[in-house]
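Please examine the following model with attention to its helices and to the loops that join them. The explanation below proceeds from one element to the next.

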Amino acid sequence: MKKQISFKTGITKIAQLLDGIGQMVLMAVMLLVVLNIVMRTLFDKPITGVYDLVSLFMVIVIALALANCAAEKGHIAVEFLVERFPAGIQRFIDIIMNIASFIFIGLFTYNVGVYAYAAAVAGDESFTLKIPHYPFIYLVCIGYL
């Protein structure tokens, strides 16, 4: 018998994978910063473009951690008022809030995608290493999606 994976389980697995990648990138950022300090202190030769790399890598860390945070309900929820209402009203408020959140996140993701495309067309890039910004902006879209 073939085991079926539910939509929620699939999304959770993808969110955990993205979070794991984000964790590895965060480790790389820490190693890069330490290596830069060592190079600067011992050899008076800092690594060129560390500021650019750390900034862009932190975008990756945050963007990829967003999905797992949402999947684990790690965000802040205001429930102290709503939990005092009857169960039916709580469900209604929950449905309305979920629909509003879905619309907001959908519009946000779309507009960030449009911005990423505009950055690609304009040729936005980091100052020192000239790394294009648009792939990192698209990662924010993926994290929100």
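Against which helix do the buried residues of helix 3 pack? In this predicted model, they pack against helix 4, which comprises residues 134-144. The buried residues in question are T109, V112, G113, A116 and A119 of helix 3.

Helix 3 itself merits a check of its geometry. It covers residues 87-122, that is, 36 residues. At 1.5 Å a residue, helix 3 should span 52 Å, and its end C-alpha atoms lie 51 Å apart, so the expected and computed values agree. Just after helix 3 comes G123, whose phi is positive, at about 80 degrees.

One further position in helix 3 may be considered, namely D94. Its relative accessible area is 44%, which means that D94 is partly exposed, since this category lies between the limits of 20% for buried and 50% for exposed residues. In sequence, D94 is 12 residues from V82, and the C-alpha atoms of D94 and V82 are 9.1 Å apart in space.

The discussion now turns to helix 4 and its relation to helix 2. Helix 2 spans residues 50-71, and its axis comes within 7 Å of the axis of helix 4, the two crossing at roughly 15 degrees. Because angles under 35 degrees count as roughly parallel, helix 2 is roughly parallel to helix 4. The crossing in which helix 2 passes helix 4 is left-handed.

Which residues form this contact between helix 2 and helix 4? From helix 2, the participants are L56, V59, I60, A63, L64, L66 and A67, and these meet F136, L139, V140, G143 and Y144 of helix 4. Sorted by class, the contact of helix 2 with helix 4 contains 11 nonpolar residues and one polar residue, with no charged residues.

P135 also belongs to helix 4. With a relative accessibility of 36%, P135 counts as partly exposed. P135 and I60 are separated by 75 residues in sequence, yet their C-alpha atoms are 9.8 Å apart in space. I60 is itself one of the helix 2 residues that meet helix 4.

The loop between helix 3 and helix 4 contains S126. Is S126 buried or exposed? Its relative accessible area is 5%, and because the limit for a buried residue is under 20%, S126 is classed as buried. Leaving aside residues up to four places away in sequence, S126 touches D52, L56, I131 and H133. Of these, L56 also appears among the helix 2 residues that meet helix 4.

K130 is found in the loop between helix 3 and helix 4 as well. Its phi is near 60 degrees, a positive value in a residue other than glycine. In accessibility, K130 stands at 48% and therefore counts as partly exposed.

A positive phi in a residue other than glycine is also found at D44, where the angle is near 55 degrees. D44 is located in the loop between helix 1, residues 7-43, and helix 2. Its relative accessible area of 64% places D44 in the exposed class, because that class begins over 50%.

How values were computed
Residues numbered from 1 in each chain as written. Predicted model: local features only at pLDDT ≥ 70, side-chain atom pairs only at ≥ 80, totals over all residues. Heavy atoms only, no water. Helix = DSSP H or I, 4+ residues; strand = E, 2+ residues; numbered from the N terminus. Expected span 1.5 Å × (residues − 1). Buried < 20%, exposed > 50% of the residue type's maximum accessible area, 1.4 Å probe, protein only. Contact = heavy atoms within 4.5 Å. Axes fitted to C-alpha atoms, helices over the stretch in contact; angles between N-to-C directions. Parallel < 35°, antiparallel > 145°, perpendicular 65-115°, else oblique. Left-handed = near helix turned anticlockwise from the far one by under 90°. Nonpolar A, V, L, I, M, F, W, Y, C, P; charged D, E, K, R; others polar.
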